Amino acid sequence: MAGLEAWARERLSASVLDYVVQGAREGTSSAEAPGAWREHRLLPHVLRDTTTVDPGVDLLGRRHPHPLVVAPTTLHRAVHPDGELAMARAVASHDGLLVVSSNAGTPFAAIGATGVRWWVQCYLPADRRLAEPLLDRAVDAGAGAVVLTVDTPVVGTKYASPGVPVVWDEVDPALLRVNFDAGYDGAPGSEKALDLGPADLARLTKRTGLPVVVKGVLRPDDARLAVDAGAAAVWVSNHGGRQLDRAVPTARALAPVATAVGERVPVLVDGGVRSGLDVVTALALGASAVALGRLPLYALSGGEDGVTRLLGELRSQTVETMRLAGARTAAETRSLVAPTPLYDGV
């Protein structure tokens, strides 16, 4: 959204802003993500009745009135005092879906009490048992799915901007990770697991009774591995360019993954989505839903109203793009991306 980052820059501290915008290492993947969506071209239909356009999608057995999902991000309460509660209320006002970070600074029970539809994101530690209390709290608070992040065996190195304090030296620890047991971070085995495997999906499903979404997939073979192991959905993501720098943009990785597993499970995607044009492009490439990371954080700097306006504008842009492209439903977007190069006789 044009101007949203600049708007947030006026409201956020330098260290928090730097945390939100930074990518790993050279920042190649984070920088190229928005432009990767713009590389695709749309091939619209005409002579179609678009009086009624329905951008709704089905995810894990539930109907959602639009394809927008708010992705899990950290430091909501450092961005705005109301933090996850403001984000949840805004998402609920659009009957949307919120994915809550395990690092959240608000108790899951309070988030669930807003009435928002929500999933919980988690990392698994080396000692899997240490994750169980957090997962139990999420289940008790009404989480509808577990999103297992699989692209973070270690946290990717990031470089602070010159002259900007590192956010962890300034942020109040009380603003995050409130759903973990006391003493978790110092417990033996609390480091992130280096040995994630297919068996972890079955373990999570059994423990929580919830569907498991695998987030951080960029390859078709990994997508098939996840689905064969029981994943209820696959999430195409390079972690906003914050993990392995120079990882392929999700706008390029999406179609091969959707081709590989999209007939079996929903495929979500995030990474550089900035407009309704991007949303419809993602749907056309095979996405079942489109997740937003940095944009909602920028908007959250203006509180609940900021996020509400953002989601409303993106919904409007998505419907307009569908109407202009001759697509009445999300399913009808599937043929809209032009081949490269565009050939005669399409």
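## Cavities

In this predicted model, a search of the whole structure turns up two cavities of 30 Å³ or more. The largest cavity holds about 60 Å³ of space. Its lining is made up of Leu124, Arg128, Ala131, Glu132, Leu135, Asp200, Arg203, Leu204 and Arg207. Sorted by class, four of these lining residues are nonpolar, none is polar and five are charged. Helix 7 (132-140) and helix 9 each contribute at least two residues to the lining of the largest cavity. Helix 9 gives the most, with four residues.

The second largest cavity has a volume of about 30 Å³. Thr73, His76, Glu84, Leu98, Val99, Val100 and Ser101 line the second largest cavity. Strand 4 (residues 97-100) provides the largest share of this lining, three residues. The lining of the second largest cavity divides into three nonpolar, three polar and one charged residue.

## The largest pocket

The volume of the largest pocket is about 940 Å³. The largest pocket is lined by 49 residues, and the closest to its centre are Tyr19, Thr74, Lys158, His239 and Arg242. By class, the lining has 19 nonpolar, 21 polar and nine charged residues.

Several elements take part in this lining. Helix 2 (14-21), helix 3 (28-38), helix 8 (167-170), strand 10 (289-292) and helix 13 (294-300) each supply at least two residues to the largest pocket. Helix 2 accounts for the largest share, four residues.

## The second largest pocket

The second largest pocket has a volume of about 600 Å³. Its lining consists of 30 residues, and those nearest its centre are Val150, Asp151, Gly216, Val217 and Asp222. Helix 9 (198-208), strand 7 (212-217) and helix 10 (220-228) are the elements that give two or more residues to this lining. The lining of the second largest pocket contains 17 nonpolar, eight polar and five charged residues.

Helix 9 is thus found in two linings: it supplies residues to the second largest pocket and to the largest cavity.

## The barrel

Eight strands close into a barrel, in the order 3-4-5-6-7-8-9-10, with parallel pairing. From one strand to the next, the twist averages 30°.

The barrel order begins with strand 3 and ends with strand 10. Strand 3 (residues 68-70) pairs with strand 10 in the parallel sense, over three bridges. In this pair, Val70 stands opposite Leu292 of strand 10. Other barrel strands appear in the linings described above. Strand 10 supplies at least two residues to the lining of the largest pocket, strand 7 gives two or more to that of the second largest pocket, and strand 4 gives three to that of the second largest cavity.

## Packing of helices 10 and 11

Two packed helices are described by the angle between their axes and the distance between the axes. Helix 10 and helix 11 (residues 250-261) pack at an angle of about 35°, and their axes are 8 Å apart. The crossing of helix 10 with helix 11 is right-handed.

On the side of helix 10, the contact is made by Pro220, Ala223, Arg224 and Val227. On the side of helix 11, Pro256, Val257, Ala260 and Val261 take part. Seven residues of this contact are nonpolar, none is polar and one is charged. The charged one is Arg224 of helix 10.

Note on methods
Residues are numbered from 1 along each chain as its sequence is written. This is a predicted model: local features need pLDDT of at least 70, side-chain atom pairs count only at pLDDT 80 or more; totals for chains, interfaces and linings use all residues. Side-chain values use heavy atoms; hydrogens and water are left out. On a 1 Å grid over the protein atoms alone, a cavity is a set of points where a 1.4 Å probe fits but cannot get out, and a pocket is an open set with protein on both sides within 12 Å along at least five of seven lines; lining residues have an atom within 4 Å of a point. Grid points are joined across faces, edges and corners, and a volume is the space filled by probe spheres set on the points. Two strands pair if DSSP finds at least two bridges between them. Axes are lines fitted to C-alpha atoms, for helices over the stretch in contact, and angles run from 0 to 180 degrees between N-to-C directions. A crossing is left-handed if the near helix is turned anticlockwise from the far one by less than a right angle, and right-handed if clockwise. Contact means heavy atoms within 4.5 Å.
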